[in-house]
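The following exercises ask the reader to derive geometric descriptors from a coordinate model and to interpret them. Each task is followed by a solution in steps.

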Amino acid sequence: MNLILSLIILFLSLSFTKVIGAEVNIYSHRQPFLINPFLEKFTAETGIKTNVVYATKGLAQRLKAEGKNSPADVILTVDIGRLYIYDDLDLLASIDSDVLDKNIPQNLKSPENKWVALSKRSRVIVTSKNRVNQGEISKIEDLANEKWKGKICSRPGSHVYNRALMASLILSLGEKAAEEWAKKFVANLSRRPQGNDRAQVKAIFEGQCDISIINNYYFGKLKYSEDTKQREWAKSVRLIFPNQGAEDRGAHINISGGGVAKYSKNKKEAVALLEFLSKAQSQKMYGEINFEYPVNPSVETTEELKSWGSFKSDSLPIISIAQKAYDAQKIIDRVGW
Ligand SMILES: [Fe+2]
């Protein structure tokens with residue numbers, strides 16, 4: 001009897017240790033306000049503890065330097081250009097997961113199963129409600145029309161968001177036409193490229209220009225800002241999802257995404273986290289917390305995002321955007337964007 005009891009206790013304590021011991025170490029370029037709510041739910045559901053290193057820069061270099069001794073299991077980042085760097089430096093492990101295969105469309109993941117997209121953001125056109133008529137602009141190409149001379153504001157072209165947009169233009173128009181577009185776009189600028197996406201909306205509000213390009217979630221951040229002024233900026237602009245014509249390619253999108261570190265010691269837990277982030281509950285949370293769109297096609301976006309309009313996305317394999325980044329940057333340099 002004592003022996004059986006001891007064995008039961010031993011068995012229970014071993015399985016208890018296993019559950020308690022399960023953990024996953026995350027290197028995140030995504031901010032705590034966004035990631036923490038996901039991780040709390042993940043731990044509650046799976047019992048897997050999470051540890052996070054947050055940084056805006058330098059995590060890929062750190063992971064590389066740490067090599068086999070790195071504690072990292074999962075990488076979370078924004079922008080395909082930044083995610084692809086990890087792949088390019090051979091810092092990621094192959095992921096084998098039926099759940100991810102099912103939840104994430106083929107064009108939004110690595111062809112070699114090295115990373116997956118977890119949310120989408122659209123780069124949209126914003127125009128002054130008062131000074132640009134509805135329907136006057138419907139495509140990114142329209143921004144090269146000399147009719148808009150002195151009317152456009154922009155963040156510097158070399159920022160990853162604009163570099164990705166430039167890459168999408170190379171891929172859909174061809175290099176020559178894309179450069180022609182960029183030249184004319186820059187000629188239409190009302191001021192030297194400057195500021196972040198929010199600053200472009202502010203510039204429209206203040207009348208420094210009438211048109212700009214921003215990531216869709218910044219519109220939401222301004223619309224619901226605690227700062228009354230920022231809410232006014234948002235009210236002054238109209239959002240346009242570009243290139244929506246029946247034959248057209250759809251709006252350029254970018255992604256946030258993640259992968260498993262090559263030398264992860266907790267690969268099972270790492271994959272479990274990515275799977276968790278691809279499921280319906282999490283997919284909706286990206287919209288609720290940060291106005292981002294789901295990548296999982298079976299998940300509907302939030303009512304708020306729906307109210308901004310439905311749109312079709314450019315369906316290019318997202319990796320091609322990263323692969324064209326170098327050529328895009330060369331054009332950006334040549335035209336002085
Ligand atoms: Fe951003």
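**Exercise 1. Burial and packing of helix α9**

How many of the 8 residues of α9 are buried?

Solution. The model is a predicted one, in which local features need pLDDT of at least 70 and side-chain atom pairs count only at pLDDT 80 or more, while totals for chains, interfaces and linings use all residues. Residues are numbered from 1 along each chain as its sequence is written.

Step 1. Fix the terms. Helices (H or I, at least four residues) and strands (E, at least two) are DSSP runs, numbered from the N terminus. A residue is buried if 20 or more other C-beta atoms lie within 10 Å of its own, exposed if 12 or fewer, and partly exposed in between, with C-beta atoms placed from the backbone.

Step 2. Apply the criterion. In α9, 6 of the 8 residues are buried, and the helix is thus mostly covered. The buried residues are N216, Y217, Y218, F219, G220 and L222.

Step 3. Identify a packing partner. Helix α9 (residues 216-223) packs with helix α10 (residues 228-235) at an angle of about 130 degrees, the axes being 7 Å apart. Axes are lines fitted to C-alpha atoms, for helices over the stretch in contact, and angles run from 0 to 180 degrees between N-to-C directions.

Step 4. Classify the angle. Angles under 35 degrees count as roughly parallel, over 145 as roughly antiparallel, 65 to 115 as roughly perpendicular and the rest as oblique; α9 and α10 are therefore oblique to each other.

Step 5. List the contact residues. F219, L222 and K223 of α9 meet Q230, R231, W233 and A234 of α10, where two residues are in contact if their C-beta atoms, placed from the backbone, lie within 7 Å.

**Exercise 2. A second helix pair**

Determine how α4 and α6 are oriented and which residues join them.

Solution. Step 1. The axes of helix α4 (residues 80-88) and helix α6 (residues 160-173) come within 9 Å and cross at roughly 90 degrees. Step 2. By the angle classes, α4 is therefore roughly perpendicular to α6. Step 3. The contact is made by I80, G81 and R82 on the side of α4, and by V160, R163 and A164 on that of α6.

**Exercise 3. Length and faces of helix α2**

Test the length of α2 against expectation, then locate its buried residues.

Solution. Step 1. The expected span of a helix is 1.5 Å times one less than its number of residues. For the 15 residues of α2 (residues 32-46) this gives 21 Å, and the end C-alpha atoms are 20 Å apart, which agrees.

Step 2. F38, L39 and F42 are buried in α2. They cover an arc of only 100 degrees around the axis, which puts them on the same side of α2; the arc is that of the directions from the helix axis to the C-beta atoms.

Step 3. These buried residues pack against β2 (49-54), α11 (267-278) and α12 (280-290). The face turned away from the buried side carries the exposed residues P32, F33, E40 and A44.

Step 4. Just after α2, G47 takes a positive phi of about 75 degrees.

**Exercise 4. Positive phi outside glycine**

Compare the settings of N113 and F291.

Solution. Step 1. Most residues other than glycine have a negative phi. Step 2. Phi of N113 is near 60 degrees, and that of F291 is about 55 degrees. Step 3. N113 lies in the loop between α5 (98-103) and β4 (116-128), whereas F291 lies in the loop between α12 and β8. Step 4. N113 counts as partly exposed because it has 17 C-beta neighbours inside 10 Å; F291 is buried, with 23 other C-beta atoms within 10 Å.

**Exercise 5. The whole chain**

How compact is the protein chain for its 337 residues?

Solution. Step 1. The chain has 15 helices and 8 strands. Step 2. Its radius of gyration is 22 Å, close to the 20 Å of the globule rule, so the chain is as compact as a globular protein of that length. The radius is taken over C-alpha atoms, and the rule is 2.2 Å times the number of residues to the power 0.38. Step 3. Of the 337 residues, 45% count as buried.
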